[in-house]
Amino acid sequence: MFKTGDRKPIHDALPSQHASSSSHLRYPHRLNFYDKPPLFDVTIEEFETCALDRLRVLAEIESSAARNRSWDESISVVRTQCDKHLPLKPNSSKYDDLDGQRRKDHLSHFVLRLAFCRSEDLRRRYVKAESTLFRMRYDDDAQADREAFLNMRDFNCLPVSAEEKTTYDTELYSVYNAGPKKEVERRAAFEKEKYLKVKWLRVPDLVEKRRVFLKRGWAYVPSQEQSSIIFQEFETQLDKALEMTARLLPRLDEDARLVPILNNLSQGFIAGSSSDWMNENGEANGEELRAEMIDDLSKKHFPMCMKTLHDRLQRDNHLKHFGRLQYGLFLKASYYSSSPEP
């Protein structure tokens with residue numbers, strides 16, 4: 001994970017027995033930072049199908065955020081969609097085609113990069129959804145598989161020596177909020193704690209929550225919070241990759257096969273949309289909402305303010321000016337079309 005002599009891995013090296021168990025795989029790890037693009041041939045059908053399956057999963061993630069689901073509830077519903085559309089078995093599984101599953105995951109990620117790199121808003125939403133998916137997979141992964149993956153990467157972190165930890169003992173202990181509640185047990189857990197230090201800009205979430213000690217631009221991160229470094233690294237790398245993809249995208253404008261597919265995928269990434277009302281063939285992805293869909297959707301997915309306006313419109317066949325304006329803008333943002341079906 002670390003390439004210089006004064007750096008060390010977040011996790012200790014794994015037993016060679018586990019490492020050899022996945023060495024025959026083209027994709028040896030379930031987790032992926034998607035550093036390298038896919039270099040294999042795919043059909044147009046596979047290109048689109050893989051992207052639609054991943055889109056269903058990301059749509060469920062956005063839907064969970066829009067509904068203010070708890071983290072546990074979100075994991076449950078997203079895991080259901082992943083098992084259905086984008087399964088990824090661990091190395092310990094007896095499933096025969098692990099490479100096939102991970103190949104689909106690899107391909108679908110890069111297809112959606114092409115679709116969602118076109119605007120700042122799409123990039124922001126895509127990074128947020130993908131980061132959430134990565135975090136769920138990270139938490140769900142077996143510890144041995146996770147450590148094997150992390151030990152292959154360089155996260156550019158510096159270990160904190162015992163002498164340095166002693167120097168800042170009071171400051172580090174004051175922000176140490178993990179472990180047992182009893183003071184004696186908390187102090188004993190703190191003495192065993194190992195720290196890494198990184199530039200504070202790499203862990204803004206921990207700084208915001210005051211979970212790290214800051215000194216001269218360095219954040220001292222305890223072991224139980226070091227996953228934040230990994231998640232932030234994934235998000236930063238993906239954001240840079242999307243910006244680079246956006247600069248190269250004009251080269252695809254002349255490809256009549258791919259551009260319509262990418263346009264439909266980006267249009268189908270509707271905020272808060274749930275896979276509950278997407279059909280099995282993915283035809284609703286990229287399809288505009290129409291009048292006959294609104295009543296059913298209002299009962300399941302509309303926020304309370306919009307549901308109230310819709311119910312009042314149904315009851316009175318009329319809305320006041322600002323109510324019409326607000327409701328109309330909401331439908332427009334949801335890709336509603338008032339044109340008749342062809």
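This briefing walks through a sheet, a surface patch, the cavities and some salt bridges in the structure above. Keep in mind that you're looking at a predicted model. The sheet is an open one, built from four strands in the order E1-E2-E4-E3 with antiparallel pairing. Elsewhere, a search of the whole structure turns up two cavities of 30 Å³ or more, and the salt bridges come to 22.

**The sheet, strand by strand**

- Start with the layout: the four strands line up as E1-E2-E4-E3, and the pairing is antiparallel. E1 and E3 are the edge strands, each pairing on one side only.
- Strand E1 covers residues 158-159 and is joined to E2 by two bridges, with the two strands running antiparallel. If you want a spot to look at, find Pro 159, whose bridge partner in E2 is Leu 196.
- E2 also pairs with strand E4 (residues 218-222), again in the antiparallel sense, this time over five bridges.
- Two pairs help you trace that E2-E4 pairing: Tyr 195 stands opposite Pro 222 in E4, and Lys 199 stands opposite Trp 218 in E4.
- On its other side, E4 meets E3: three bridges join these two antiparallel strands. Here Phe 213 stands opposite Tyr 220 in E4.
- E3 and E4 form a hairpin with two residues between the strands, and in this hairpin Arg 216 takes a positive phi near 55°.

**How covered are the strands?**

- Strand E2 spans residues 195-199, and four of its five residues are buried, so the rest of the structure largely encloses this strand.
- E4 is mostly covered too, with four of its five residues buried.
- Over in strand E3, which takes in residues 213-215, you'll find Leu 214. Leu 214 counts as partly exposed because its relative accessibility is 39%.

**A nonpolar patch on the surface**

- Leu 214 teams up with Trp 200 and Leu 201 to make a nonpolar surface patch of about 310 Å².

**Empty space inside**

- Rolling a probe the size of a water molecule over the atoms reveals where empty space is left.
- The largest cavity holds about 50 Å³ of space.
- Its lining is made up of Arg 30, Leu 31, Asn 32, Tyr 34, Arg 54, Glu 130, Phe 134, Arg 137 and Phe 234.
- Helix H5 (residues 120-140) gives the largest share of that lining, with three residues.

**Salt bridges worth a look**

- Side chains of opposite charge can pair when their charged atoms come close.
- Asp 105 forms a salt bridge with Arg 54, and the closest N and O atoms are 2.7 Å apart. Asp 105 sits in helix H4 (residues 98-116) and Arg 54 in helix H2, so this pair ties together parts that are 51 residues apart in sequence. Both Asp 105 and Arg 54 are buried. You've met Arg 54 already, as one of the residues lining the largest cavity.
- Arg 211 and Glu 225 meet through their side chains in another salt bridge, at 3.6 Å from N to O. This pair links distant parts of the chain, 14 residues apart: Arg 211 is in the loop between helix H10 (204-208) and E3, while Glu 225 is in the loop between E4 and helix H11 (227-248). Arg 211 is partly exposed at 29% relative accessibility, whereas Glu 225 is buried at 11%.
- Asp 295 and Lys 299 form a salt bridge as well, at 3.8 Å from N to O. They're four residues apart in helix H13 (residues 291-300), so about one helical turn separates them. Asp 295 is partly exposed, with a relative accessible area of 32%, and Lys 299 is exposed, at 59%.
- There's also a network of salt bridges that links Arg 30, Arg 79, Asp 140 and Asp 141. Arg 30 is another residue in the lining of the largest cavity.

**A loop residue and its distant partner**

- His 29 is in the loop between helix H1 (16-21) and helix H2 (44-66).
- With a relative accessible area of 13%, His 29 counts as buried.
- His 29 and Asp 141 are 112 residues apart along the chain, and their C-alpha atoms are separated by 10.0 Å. Asp 141 is also one of the residues in the salt-bridge network.

Technical notes: Residues are numbered from 1 along each chain as its sequence is written. This is a predicted model: local features need pLDDT of at least 70, side-chain atom pairs count only at pLDDT 80 or more; totals for chains, interfaces and linings use all residues. Side-chain values use heavy atoms; hydrogens and water are left out. Patches are made of residues with over 30% relative accessible area and no salt bridge: like charges are joined within 9 Å, nonpolar side chains (Val, Leu, Ile, Met, Phe, Trp, Tyr) within 5 Å. Accessible areas come from the Shrake-Rupley method with a 1.4 Å probe; for residues, only the protein chains shown count as cover. A salt bridge is a side-chain nitrogen of Lys or Arg within 4 Å of a carboxyl oxygen of Asp or Glu. Buried means under 20% relative accessible area, exposed over 50%, partly exposed in between (1.4 Å probe, protein chains only). Two strands pair if DSSP finds at least two bridges between them. On a 1 Å grid over the protein atoms alone, a cavity is a set of points where a 1.4 Å probe fits but cannot get out, and a pocket is an open set with protein on both sides within 12 Å along at least five of seven lines; lining residues have an atom within 4 Å of a point. Grid points are joined across faces, edges and corners, and a volume is the space filled by probe spheres set on the points.
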